[in-house]
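Work through the following exercises with the sequence and the model side by side. Each task is followed by a solution that goes step by step.

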Amino acid sequence: MAYRTGASTEHDSQPHAAPGDATAPHPPPHRTLWAHIAVVAAVMSLVFYRFSETIADPDLWGHVTFGRVVWHSGAVSQPDPFSFVTAGHLWLNHEWLSEVIFYLAFAAMGPLGLILLKTAISLIVFGLLYYHLCRQGLPPLRAGLIVLAVVHFFLVSLITARTLFFSYPLFLVVLIMIRRLTRGETSWAWTLPPLFALWANLHPGFLAGIGVLGIWSFTELATRSLSGRRREIPHRPSARVILTVLTASALATTLNPFGLDLWRFLYRTATVPRPDITEWQPLALMTPYGLAYAAYVAVAAWGLLYSRRERPPALLAVLIVTIVLPLIAIRHTPLAALGIAALAGEHISDALGRASAAKSGRRPGDPGRIQVAATVLLLAGAGLLITLSVPHFSCIRLEPAIGGSYPARVIGLIKKSGVRGNLAIHFDWGEYAIYHLGPSVKVSVDGRRETAYPRAVYIENLNFMHGQGDWDALLKNHDTHLALVKSGSPTFNLMKLKPGWHLIYEDPLAGLFGRDGLAATEAIGRTAPPRLPYDGAGSCFP
């Protein structure tokens, strides 16, 4: 079938029904409507259930605190007020708007506000994807199954409340827009520049959006050039429109408090290896998660191979790039899953339609009764999932097995003692300490990494954290009063042998050392530890 553009609708691009489908009895319209409602209810209730559950992430305490500082100070670009090793270093907060939203949600409703925010974003992402697939003419059940496949790849990233989740709906919107541009629907193209202006202030994930827009633009123009169609093509965006939208979108990303410096900073950080952060490592294919992704890609490839729909080269180029993203960093897997569903979902559905048409003569039972029973079961299941979701809104849990362990008891001890000072601390615990102890106690490092810390200082912290190389440079080169390290770690053992320092407190997770002769060390030693779980297990944010 020829690929039509311009005035045609999404449903017009559907291939003609297979002969086996033509003789199939059609259910009454009201039954079809209820079946559609049941699929939507089942899919969205599962999304609601899975992503209303929220586990604390090491950055969550920082997001709320940093958003509060920006909101009350009215300044985004400012020196870092939370660390004792960053004097004179400008804090480049590239997630400032997301963090302000986090703070406002928390200030208005406490943890419930953050849970509602994350749940709403999740429903928007998967609701928009479902709508996009249905608009391409997919039957509700197939659209729902594809959405459920994508849900699997968000189970890790959307179990926590992170600023990263703002990038998911915006990335999906860009994918939908470039597909519509391919079909000649240009009326919404001019929303892309303001979208990128917003995105650049929410999260650096806008780089992925600009990347796929650029790949689509240049592949589209190159395809036209190679095919000899240098003149404008009816019902397709002109080269001038494509280049104007791309240029305006790229320029819009400079509308942030840091201007072009944000691009320079992101370029530097994108080219620096991060072996100390798991989510920045490539996806390991020989793991359950990796094998699931490989199977998902294989299904998409099968769909593209057997689909009767047009495969525009520019969209294929974007699809290939998105598929490769997890091989660069595992944190890109949700973006890749969205890209595959948005761009290859119609082909998977068409291939499934061809396969089912070949077996249409062997359908047992009464289709009408089966549909009614399935509708009732789906609606009942949706109601049950929503009911089971209610307890999720009571707490953002600290769950060591998923979100990590936090030194709740020792941080409570420092806070109870009322001391002021400078604390050398493990990377993952920095923002937890900032929230509970700041501004009286300043930290040596936290999850902001290179946005707040000079590289030399960050390396000092890594060496101290792992007990390697010049491990005590952080203690020698800075006015460090206290050191909080993991119990049993190389650093813990080295600190026990370090002259001028002694162990004040120890539990199975953390050990707190103090410099000899300081008032802070003596004050903490006189203070009784609070009755808190040593690793925060079972407690709720904050």
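**Exercise 1. In what order do the five strands of the open sheet stand, and which strands are at its edges?**

Solution. In this predicted model, the five strands form an open sheet in the order β4-β3-β5-β7-β6, and the pairing in that sheet is mixed. The next step is to look at the two ends of this order: β4 (441-443) and β6 each have a single partner strand, so one side of each is left without a neighbour in the sheet. From one strand to the next, the twist averages 30°.

**Exercise 2. Find the sense, parallel or antiparallel, in which β5 pairs with β3 and with β7.**

Solution. Strands of a sheet pair through backbone hydrogen bonds, and the pairing can be parallel or antiparallel. Begin with β3 and β5, which pair in the parallel sense over three bridges; here Ala 424 stands opposite Ala 483 of β5. Then turn to strand β5 (residues 482-486) and its pairing with β7, which is antiparallel and runs over five bridges. Two residue pairs let the reader trace this second pairing: Leu 482 has Gly 514 of β7 as its bridge partner, and Val 485 has Gly 511 of β7.

**Exercise 3. How is strand β6 joined to β7, and how many residues of β7 are buried?**

Solution. Strand β6 (residues 501-506) and β7 run antiparallel and are joined by five bridges, while a hairpin of three residues leads from β6 to β7. Along this pairing, Leu 503 stands opposite Phe 513 of β7, and the bridge partner of Tyr 505 in β7 is Leu 512. For the second part, a residue counts as buried when its relative accessible area is under 20%. Five of the six residues of strand β7 (residues 510-515) are buried, so β7 is largely enclosed by the rest of the structure. The strand β5 can be treated in a similar way: four of its five residues are buried, so β5 too is largely enclosed by the rest of the structure.

**Exercise 4. Describe how helix α9 packs with helix α10, and sort the residues of their contact by class.**

Solution. Two packed helices are described by the angle between their axes and the distance between the axes. For helix α9 (residues 206-226) and helix α10 (residues 239-252), the angle is about 160° and the axes are 10 Å apart. Angles over 145 degrees count as roughly antiparallel, and α9 and α10 are therefore roughly antiparallel to each other. The crossing in which α9 passes α10 is left-handed. On the side of α9, the contact includes Ile 210, Leu 213, Trp 216 and Arg 224, and on the side of α10 it includes Ile 242, Leu 243 and Leu 246. Sorted by class, the residues of the contact of α9 with α10 are 10 nonpolar, three polar and two charged.

**Exercise 5. At what angle do the axes of helix α4 and helix α8 cross, and which residues meet?**

Solution. The axes of helix α4 (residues 96-109) and helix α8 (residues 192-202) come within 5 Å and cross at roughly 75°. Angles of 65 to 115 degrees count as roughly perpendicular, and α4 and α8 are therefore roughly perpendicular to each other. In α4 the residues Trp 96, Leu 97, Ser 98 and Ile 101 meet Leu 198, Asn 201 and Leu 202 in α8. By class, the contact of α4 with α8 has five nonpolar and two polar residues, with no charged residues.

**Exercise 6. Where do the cis peptide bonds before Pro 439 and Pro 542 lie, and what is the sign of phi in Arg 449?**

Solution. Most residues other than glycine have a negative phi, and most peptide bonds are trans. The peptide bond from Gly 438 to Pro 439 is cis, with omega near 0°, and Pro 439 is in the loop between α18 and β4. Phe 541 and Pro 542 are also joined by a cis peptide bond, with omega about 5°; Pro 542 lies in the segment after α22 (519-525). In Arg 449, phi is near 45°, a positive value in a residue other than glycine. Arg 449 lies in the loop between β4 and α19 (455-466), and at 5% relative accessibility Arg 449 counts as buried.

Methods: Residues numbered from 1 in each chain as written. Predicted model: local features only at pLDDT ≥ 70, side-chain atom pairs only at ≥ 80, totals over all residues. Heavy atoms only, no water. Buried < 20%, exposed > 50% of the residue type's maximum accessible area, 1.4 Å probe, protein only. Pairing = 2+ DSSP bridges. Axes fitted to C-alpha atoms, helices over the stretch in contact; angles between N-to-C directions. Parallel < 35°, antiparallel > 145°, perpendicular 65-115°, else oblique. Left-handed = near helix turned anticlockwise from the far one by under 90°. Contact = heavy atoms within 4.5 Å. Nonpolar A, V, L, I, M, F, W, Y, C, P; charged D, E, K, R; others polar.
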